[in-house]
Amino acid sequence: MSLPPCPACNSEYVYQDQNLLICPECGHEWDPNEADEDAVQVKDANGALLNDGDKVTVIKDLKIKGSSQVIKIGTKALIRRVLDKKDHELDCKVDGVGEMMVTAKFVKKA
Ligand SMILES: [Zn+2]
């Protein structure tokens with residue numbers, strides 16, 4: 001398993017001590033798992049990063065759970081919040097529907 005280079009000085013001689021990665025050249029210590037949790041990276045159908053407040057367009061018809069209503073392809077939505085989840089990670093306000101959770105891979109940035 002190869003370790004990432006030091007984010008402070010780019011040294012390749014990083015070593016692991018329990019949960020921490022340590023750089024022997026500049027003394028920088030960090031927790032690689034903690035860094036992952038900080039940055040919620042949710043991507044749309046094209047691989048573009050989505051952020052709170054982004055406007056998106058639905059790229060396929062989406063059935064609304066527990067109803068016969070469908071969100072049509074091309075419907076616009078506003079992302080209220082991006083959540084750290086496996087699916088339905090976008091808390092959206094969808095045009096003509098209202099608030100609902102949408103899966104990121106079914107939208108693209110408008
Ligand atoms: Zn370093």
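This passage describes the zinc site and the largest pocket of a predicted model.

The zinc ion is a good place to start. Its protein donors are the SG atoms of Cys 6, Cys 9, Cys 23 and Cys 26, lying 2.3 Å from the metal. Along the chain, these donors follow the spacing C-x2-C-x13-C-x2-C. Within this set, the pair Cys 9 and Cys 23 links distant parts of the chain, with their positions 14 residues apart in numbering. Cys 9 belongs to the segment before strand S1 (15–17), whereas Cys 23 sits in the loop between strand S2 (20–22) and strand S3 (29–30).

The geometry at the metal is tetrahedral, because the 4 donor atoms subtend angles of 106 to 114 degrees around the zinc ion. For reference, the ideal angle for four tetrahedral donors is 109.5 degrees. As for solvent exposure, Cys 9 has a relative accessibility of 36% and therefore counts as partly exposed. Cys 23, at 1% relative accessibility, counts as buried, since the cut-off for that class is under 20%.

Attention now turns to the largest pocket, which has a volume of about 210 Å³. Its lining is made up of Leu 62, Lys 63, Ile 64, Lys 65, His 88, Met 100, Met 101, Val 102, Thr 103 and Phe 106. Strand S5 (62–63) and strand S9 (98–102) are the elements that give two or more residues to this lining, and S9 gives the most, with 3 residues. Sorted by class, the lining of the pocket holds 6 nonpolar, 2 polar and 2 charged residues.

Note on methods
Residues are numbered from 1 along each chain as its sequence is written. This is a predicted model: local features need pLDDT of at least 70, side-chain atom pairs count only at pLDDT 80 or more; totals for chains, interfaces and linings use all residues. Side-chain values use heavy atoms; hydrogens and water are left out. On a 1 Å grid over the protein atoms alone, a cavity is a set of points where a 1.4 Å probe fits but cannot get out, and a pocket is an open set with protein on both sides within 12 Å along at least five of seven lines; lining residues have an atom within 4 Å of a point. Grid points are joined across faces, edges and corners, and a volume is the space filled by probe spheres set on the points. Helices (H or I, at least four residues) and strands (E, at least two) are DSSP runs, numbered from the N terminus. Ala, Val, Leu, Ile, Met, Phe, Trp, Tyr, Cys and Pro count as nonpolar, Asp, Glu, Lys and Arg as charged, and the others, Gly among them, as polar. Donors are N, O and S atoms within 2.8 Å of the metal (3.2 Å for Na, K and Ca); water is not among the atoms, so sites may look incomplete. Four donors count as tetrahedral if all angles lie between 85 and 135 degrees; four count as square planar and six as octahedral if opposite donors are over 155 degrees apart and all others between 65 and 115; anything else is irregular. Buried means under 20% relative accessible area, exposed over 50%, partly exposed in between (1.4 Å probe, protein chains only).
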